[in-house]
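Visitor: Could you walk me through this one? I'd like to know what the labels rest on.

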Amino acid sequence: MAKNGQGSNGTTTGIVTKTRPKTKKPSLYKVLLLNDDYTPMEFVVHVLERFFAKGREDAVAIMLHVHQKGVGLCGVYTYEVAETKVTQVIDFARRHQHPLQCTMEKE
Ligand code: TYC
């Protein structure tokens, strides 16, 4: 933004007072998969490929991590995207009668 005034010889003078626009970085949320004793390993791998765009190798590694440690990171997203992923995974598992659970937490 510039505050301009007329110079005596017809020129326009001004002070440049441009400020950066106010942008806020959105908070990010981790989407986590939880282990259970019943959901088949292959189903979990499929979920990671389908909803988290993981390749086969990454999907298998994440699934095994969850199987061994109890919880694992699927991805980091803005609030609404994370919430949608959690809902989609739980719905998909329910429809296939698996108890697979998915949750999100602020990063
Ligand atoms: N523990 C399951 C089994 O032995 C496999 C599994 C892995 C389940 C990851 C859920 O998020 C999960 N069949």
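Visitor: What makes the crossing of H1 and H3 right-handed or left-handed?

Guide: H1 passes H3 in a right-handed crossing, because right-handed means the near helix is turned clockwise from the far one by less than a right angle, and left-handed means anticlockwise. This is a predicted model, where local features need pLDDT of at least 70, side-chain atom pairs need 80 or more, and totals for chains, interfaces and linings use all residues. Residues are numbered from 1 along each chain as its sequence is written, and side-chain values use heavy atoms, leaving out hydrogens and water.

Visitor: Which residues of H1 and H3 make the contact?

Guide: With contact meaning heavy atoms within 4.5 Å, H1 brings Phe43, His46, Val47, Arg50, Phe51 and Phe52, while H3 brings Lys85, Gln88, Val89, Phe92 and Ala93.

Visitor: How do you know that asparagine 35 has a polar contact with the ligand?

Guide: A polar contact is a pair of N or O atoms within 3.5 Å (within protein, one must be able to donate a hydrogen and the other to accept it, and residues adjacent in sequence count only if both atoms are side-chain atoms). A polar side-chain atom of asparagine 35 is 2.8 Å from a ligand nitrogen atom, so that pair makes the cut. Backbone polar atoms join in too: one of aspartate 36 lies 2.7 Å from a nitrogen atom of the ligand, and one of threonine 39 lies 2.9 Å from a nitrogen atom of the ligand.

Visitor: Which helix gives the most to the shell around the ligand?

Guide: That's H2, with three residues.

Note on methods: Helix = DSSP H or I, 4+ residues; strand = E, 2+ residues; numbered from the N terminus.
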